[in-house]
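Please open the model in a viewer and keep the selection tool at hand. The tour below proceeds stop by stop, naming what to select and what is found there.

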Amino acid sequence: MGKKTVAVIFGGANSEHEVSIKSANTIMNNLDEDKYLVLPVFITRDGRWFLYDGPKGNLNCNNWEKYATPTILSPDTSHKGLLRMVGDKFRVIEVDVIFPVLHGKNGEDGTIQGLFELGGIPYVGSGVLGSSVSMCKAFANMVAEKMGIAQPDFLTVTKSQLNEDADAVAAVIRKKIGYPCFVKPSNTGSSVGISKAKNKKDLMQALELASTYDTLIVVEKAAIGRELECAVLGNDNPAASCVGEITYERDFYCYEAKYMCDGSRPIIPADIPHSAVEEIQDVSLRIFKGLGCKGLARVDFFLTDDGKVLFNEINTMPGFTSISMYPMLWHSDGKTTADIVDELIELALEGRDDTE
């Protein structure tokens, strides 16, 4: 049986561009060259697509573009692959499966998954609906609420409401949510644009910041407790990993704490009661299925000081960097990173529901 051609797409026109490159390096370094022909496809910050032909180690270098040629993914199902520019003509490169290592906007929100669907090419991860609903914190929270899953009290705010009367919005938040609270753009990842507000001044600044990233904003009551994470792997019958804990020195687990601060530390497995582990694993699988997810996800929780498990959010394309929790959680359960990426490709090739 011949090698499968895997297009690994990374970079992207969003705030998580650099994290995507690091994740893609990890994934490509763990793809078995005896089983897969890997095509690195890089999307620049301004949305241009390139196929990279150089050494893997150069992906983090500034001169990588000298090894790259313009490329696009064709939406034409007769191509089932990439269109590479050669001179003034395009050459078709057939692709068996796509591994989109794209975090956040334009990668994890269903937009690029729609392109994959149009092209008729299998891909790793959730489909259009599962990706878009999971990425939108407001709608994910609404689904969790409908399913009876415990989570912090929340409400949504639109940018137009802020523009109309920000003081009135702040008054509603103080009455219904109170301080401290978290203010989040509904459609960003890696804690980008998220702030913790302890008073009205903080809140107004947080709302202003969040509105620069999204027109829909989620405000949540701050949960006092420990931050826990669980990894999910599978399609219709997914499995949940052990539960890990994140400790950090910042006021909350912000972008800097995740990727730039030496004080952040994972504890795997988390030292929590067995009943809490079972509840977190159960809710992880329930929300994964309830949101229509496929392939993989990392589900985040709070364990409050009085022992309550609260759903925080779900991430349908978690990081694969050297400090990312998703692969580390599975490592604790005996899977290597190579095992994980191999299984994800097999899950993608199983096919997906045409009605999705």
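The stops that follow concern strands, helix pairs and backbone geometry in a predicted model.

**Strand β4 and the loop after it**

Begin by selecting Ala 68, which is placed in strand β4, residues 68–73. Ala 68 is buried, its relative accessible area being 13%. Display its neighbours: beyond residues up to four places away in sequence, Ala 68 touches Phe 50, Leu 51 and Tyr 52. For a sense of scale, draw a C-alpha to C-alpha distance from Ala 68 to Ser 126: the two are 58 residues apart in sequence and 29 Å apart in space.

Move next to Lys 80, in the loop between β4 and β5 (81–86). Its phi is near 50 degrees, a positive value in a residue other than glycine. Lys 80 is partly exposed, with 37% relative accessible area.

**A second positive phi**

Select Asn 106, in the loop between β7 (97–101) and α2 (111–119). Here too phi is positive in a residue other than glycine, with a value near 65 degrees. Asn 106 counts as partly exposed, at 35% relative accessibility. As background, most residues other than glycine have a negative phi.

**Two helix pairs**

Select α3 (residues 128–135) together with α4 (residues 137–146); they pack at an angle of about 100 degrees, and their axes are 5 Å apart. The two helices are therefore roughly perpendicular to each other. Show side chains at the contact, where Val 133, Ser 134 and Met 135 of α3 meet Lys 137, Phe 139, Ala 140 and Val 143 of α4. By class, the residues of this contact are 5 nonpolar, 1 polar and 1 charged.

Now select α5 (residues 159–176) and α6 (residues 200–211), which pack at about 150 degrees with axes 11 Å apart. This angle makes α5 roughly antiparallel to α6. The crossing of α5 past α6 is right-handed. Residues making the contact include Leu 162, Ala 166, Val 169 and Ile 173 of α5, and Leu 203, Met 204 and Leu 207 of α6. The contact of α5 with α6 divides into 8 nonpolar, 1 polar and 3 charged residues.

**From α5 to β10**

Pro 180 is found in the loop between α5 and β9 (181–185). Inspect the peptide bond from Tyr 179 to Pro 180, which is cis, with omega near -5 degrees. Then select Ser 195 in strand β10, residues 195–197. Ser 195 counts as buried at 16% relative accessibility. Its C-alpha is 6.8 Å from that of Lys 184, the two residues being 11 apart in sequence.

**Strand β13 and helix α9**

Which side chain joins that of Glu 245 in a polar contact of 2.9 Å? Select Glu 245 in strand β13, residues 239–247, and the partner appears as Arg 226. Glu 245 is buried, with 8% relative accessible area. Among the other residues it touches are Leu 228, Arg 265, Ile 267 and Met 325.

Met 325 leads to helix α9 (residues 325–332), whose buried residues are Met 325, Tyr 326, Pro 327, Leu 329 and Trp 330. Their cover includes β12 (225–234), β13, β14 (265–267), β15 (295–304) and α10 (337–349). After α9 comes Gly 334, with a positive phi near 100 degrees.

Finish at Pro 269, in the loop between β14 and α8 (274–290). The peptide bond from Ile 268 to Pro 269 is cis, with omega near -5 degrees.

Note on methods:
Residues numbered from 1 in each chain as written. Predicted model: local features only at pLDDT ≥ 70, side-chain atom pairs only at ≥ 80, totals over all residues. Heavy atoms only, no water. Axes fitted to C-alpha atoms, helices over the stretch in contact; angles between N-to-C directions. Helix = DSSP H or I, 4+ residues; strand = E, 2+ residues; numbered from the N terminus. Parallel < 35°, antiparallel > 145°, perpendicular 65-115°, else oblique. Contact = heavy atoms within 4.5 Å. Nonpolar A, V, L, I, M, F, W, Y, C, P; charged D, E, K, R; others polar. Buried < 20%, exposed > 50% of the residue type's maximum accessible area, 1.4 Å probe, protein only. Polar contact = N/O pair within 3.5 Å; in protein donor to acceptor, adjacent residues only side chain to side chain. Left-handed = near helix turned anticlockwise from the far one by under 90°.
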